Amino acid sequence: MSEQKSKRLSELALFHSADLTGADALIHGVGSLKSATSGQIAFLSSHKFVAALNDTAATAVVVRNAIGLPDRMSYLVCSDPGLVFARISQFFNPLPESKAAIHSSAVIADSATLAPGVEVGPNVVIEAGVMIGQNAQLKAGVFVGENSTIGAATVLMPRVAIHSNCIVGDRCRIHSGAIVGSDGFGNAWAGDHWERIPQIGRVIIGDDVEIGANTTIDRGALDDTCIESGARLDNLIQIAHGVRVGRNTAIAACTGIAGSAEIGSNCLIGGGVLIADHAKLADRVSVLSGSGVPSDIDQSGVYASGTPVVPYQAWLRNMVQFKKLNELAKKIKQLEKNAMNPRSGQAESDDDQ
Amino acid sequence: MSEQKSKRLSELALFHSADLTGADALIHGVGSLKSATSGQIAFLSSHKFVAALNDTAATAVVVRNAIGLPDRMSYLVCSDPGLVFARISQFFNPLPESKAAIHSSAVIADSATLAPGVEVGPNVVIEAGVMIGQNAQLKAGVFVGENSTIGAATVLMPRVAIHSNCIVGDRCRIHSGAIVGSDGFGNAWAGDHWERIPQIGRVIIGDDVEIGANTTIDRGALDDTCIESGARLDNLIQIAHGVRVGRNTAIAACTGIAGSAEIGSNCLIGGGVLIADHAKLADRVSVLSGSGVPSDIDQSGVYASGTPVVPYQAWLRNMVQFKKLNELAKKIKQLEKNAMNPRSGQAESDDDQ
Amino acid sequence: MSEQKSKRLSELALFHSADLTGADALIHGVGSLKSATSGQIAFLSSHKFVAALNDTAATAVVVRNAIGLPDRMSYLVCSDPGLVFARISQFFNPLPESKAAIHSSAVIADSATLAPGVEVGPNVVIEAGVMIGQNAQLKAGVFVGENSTIGAATVLMPRVAIHSNCIVGDRCRIHSGAIVGSDGFGNAWAGDHWERIPQIGRVIIGDDVEIGANTTIDRGALDDTCIESGARLDNLIQIAHGVRVGRNTAIAACTGIAGSAEIGSNCLIGGGVLIADHAKLADRVSVLSGSGVPSDIDQSGVYASGTPVVPYQAWLRNMVQFKKLNELAKKIKQLEKNAMNPRSGQAESDDDQ
């Protein structure tokens, strides 16, 4: 990938406002501390991994502080090694550019509009009225439904499906198997069967959004589902109809967000989180992996639920008690009452059992 | 979508057994209270949203009771506004009919049988022995495996895969990326490796079933997996081999149902629920989002498990205690024993710590 | 499927080291106790299902012990009926062999190398530099990205996507909609937006691995994601970047494994489990369905978390107490202190409320 590219450490230091410690070596790629080879640069994500510096073959390492580190290699010292390393890696591993070519097997409606520089892979289907922005890339097997718009430089990886009347912004990356604009789950009970509630809203995706593999984003029932600019969605996430995901919010895999929930900006939602319908989360809310969010969270901060694993026998014993937690609480109350008035309590305590 | 269609409110009232209050305006579409424009009809799902009536531009609103509501607009008054609104929306937003055309890029086996009126989109693959019912729609990239049957007026959205020997009933809607008839997860341990248990059952889907995007329904190991008529499945649901989902049961997204579980009719299963293998749920069981169902539920009713989010520090403190819940219960027991017989208990209480 | 094949029970007994009890009937297929017809063999998975023997039409049943069982049918008696039945079923239901043909609609790069006997279905896309092993089967709509390698006799079911630079071993089965080698979820916060961390690792899949429908396996950020030989993954599983799944480990559906987690060999991970990033699980660890694993598990054994369903009203009452579990624990402590020193405690106890 990065065969020809190379940079002096001094150039990288200058460009990324880092301080160079050690020899001004020529760098031609990135690697992990474990896998980096000579000529590559790695980074130290946390000082608790400092022992890995002893074994690495990396020529240089991006660190926060080089004091006391082995001096057989060079260091780029900066306040945010993760970000600087990400940017160095972007330099050595740029995203592939559009091939600006349309494969002969693609099926493109006459009324679709493709801006200059668009790449259309094999077996892509583009329906009527679609507009594709400049240098967008539609990889093999992508489907774009009627009247949808795909922004400039956006990449739809193989087998992504964008349904009709949706809007995807510029510079988005949507990964394989993701579905945008499927019908929301709208059913009205009619006494002896369900009736369909037509799902006539759209999905609106801002700029610079990333959507993970096999993630599903339903169109709105009436109002649109919105994923705001800069949001990051991992794999296998469910976004129901009418949900709003705020600017720069990041959501980890396997999370489900029910209908009309509104997630603020700059939130961090862990994996396997379930957020109830109509719940409103403020900006800068973090929810730890596996949590259930049944209602609004009005204050920014970190939230958690769920219970961590313990050995099975201990869990079984705890579960017996958990199922009667309310009884336990009553017993405590009674014991407290007894303690206040030692003579009257014992009979009641027995009643509660 | 609904450019030409329009109806007088008096016609809608008559057809849906509602009472009209206010002017008999001409209606040409539906919207939410928030987004509806002049000429559109909205609905009030709950009186707690009544304030939204002050700002809506809707010409009419479907409500349960119009007494005391602003009189600048019209109302359709009825006992089930959600259902009436769904039906009015169906009128203005009918499902697209079959295009009754077969795209030239489709790959259709000679022995497949297509009834009149079938739509086959680009890049569809239909294998040998398949039968497709009248007016069914197979959108772009759909795959139907050997000897499967697709019912009349059923719609398979882009990139749905129906594997061999499966049966899908009439008027079903299966959304993008859904997989029907993949192999069940059947493995027998052979001392030092897993051996495959052949999955030779089928998937049988009744009539009027809806299956969400990227949902997976495995074929039976020996007996069939069955989704009965009228069932509604949301996105990213896992239905394992040999599961039965009863008539009209609705299941929200991200739920997993393990092998041979049987869900009764008219159940409501929330999102992110996990149902254990061989568990049997009675009819009319509701399970709240995020619950774990380890065994049978014999009685209809509402069930829940899981724990809602709290601020992280409170959660941490609770977790410390949760992990020793059984110890806490023992202490309570000891305290109760002490209270009954104050002299003997203290030493034992110390032993428990 | 198994029209022509048949075997005498005595032949099956000899081949599988089982004892035959009863008539040496001719067997031509397998079924469940419920569905088997005359001439078929079933198996008794557990003696708790022994009543099903009264109603079965099976000609023979594989059992652990035939003593006391109805004598109108034959038995194959062996120490592991499940495994013997699996092997008998494999005989009657062999996997389909490669058709050793390339469909005319497939798009195959000139520089791709296909070994003899490869089957390539309709609309398959094989990019530059790909190598496909002998007798591999790529079903309809499969995508294989640049420079990836697919092992001999491996089957990629319809619409599987293998991204660039990945390696899939021999005799693997990857089910419909699975994604291998999508970008990991790597983002560095840059003060007011997320920046992409290039995902330049690969996915390496060993031999004899099974991967379920719509499961996603991300490529490594720097180091590779590895699924070792013999592992079994069910549907809708998320494997994040840099994860290692050990040899013969089986993972049930809907489970999510976060970045750089390492799962040992011969583990059994239930459905809907969430494993945190960088967590290390020892060999032979079992984790029950629905559990959250926030950190390392160093010892083999069975682990659980989560809470089983109870009726809703009971759950509500328990939740009130659960949210103040730490307070309850404090009260118990105070009551114990009071019991030790009865005069001093009551005022403090009130303070805690």
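User: What makes a segment of chain A count as a helix or a strand, and how many of each are there?

Analyst: Helices are DSSP runs of H or I with at least four residues, strands are runs of E with at least two, and the numbering starts at the N terminus. By that rule chain A holds five helices and 39 strands. The model is predicted, so local features need pLDDT of at least 70 and side-chain atom pairs count only at pLDDT 80 or more, while totals for chains, interfaces and linings use all residues. Residues are numbered from 1 along each chain as its sequence is written, and chains are lettered from A and ligands numbered from 1 in the order in which they are written.

User: How does the radius of gyration of chain A stand against that of a compact globule?

Analyst: The radius is taken over C-alpha atoms, and the globule rule is 2.2 Å times the number of residues to the power 0.38. For 353 residues a compact globule would have a value near 20 Å, whereas chain A has 27 Å. The C-alpha atoms of chain A occupy a box of roughly 90 × 65 × 35 Å along the principal axes.

User: Why is A:Ile200 called buried?

Analyst: A residue is buried if 20 or more other C-beta atoms, placed from the backbone, lie within 10 Å of its own, exposed if 12 or fewer do, and partly exposed in between. A:Ile200 has 22 C-beta neighbours inside 10 Å and therefore counts as buried. A:Ile200 lies in the loop between strand S22 (194-196) and strand S23 (203-205) of chain A. Of the 353 residues in chain A, 54% are buried.

User: What makes a set of residues a nonpolar core, and which members of the largest one touch the most others?

Analyst: Such a core consists of buried Ala, Val, Leu, Ile, Met, Phe, Trp, Tyr and Cys residues joined through C-beta atoms within 7 Å. The largest has 216 residues, and those touching the most other members are A:Ile162, A:Val180, B:Ile162, C:Ile162 and C:Val180. Not counting residues up to four places away in sequence, A:Ile162 touches, among others, A:Phe143, A:Ile150 and A:Val180.

User: How do you know that the buried residues of H3(C) lie on the same side of that helix?

Analyst: In helix H3 (residues 312-322) of chain C, the buried residues are C:Trp315, C:Asn318 and C:Phe322. The arc, formed by the directions from the helix axis to the C-beta atoms, is only 65°, which puts them on the same side of H3(C). On the other side, C:Gln313, C:Leu316 and C:Val320 are exposed. The packing partners of the buried residues include H3 (312-322) of chain A and H3 (312-322) of chain B.

User: Why is the relation between chain A and chain C called that of a three-fold axis?

Analyst: Copies are superposed by least squares on the C-alpha atoms of residues with pLDDT of at least 70 in both. A rotation of 120° with 0.0 Å of shift along its axis superposes chain A on chain C, with RMSD 0.0 Å. That is the relation of a three-fold axis. For chain C on chain B, the rotation is 120° with 0.0 Å of shift and an RMSD of 0.1 Å.

User: What makes two residues count as a contact, and how many residues of chain A and chain C take part?

Analyst: Two residues are in contact if their C-beta atoms, placed from the backbone, lie within 7 Å. On that basis, 60 residues of chain A are in contact with 61 residues of chain C. H4(A) gives the most to the side of chain A that touches chain C, with eight residues.
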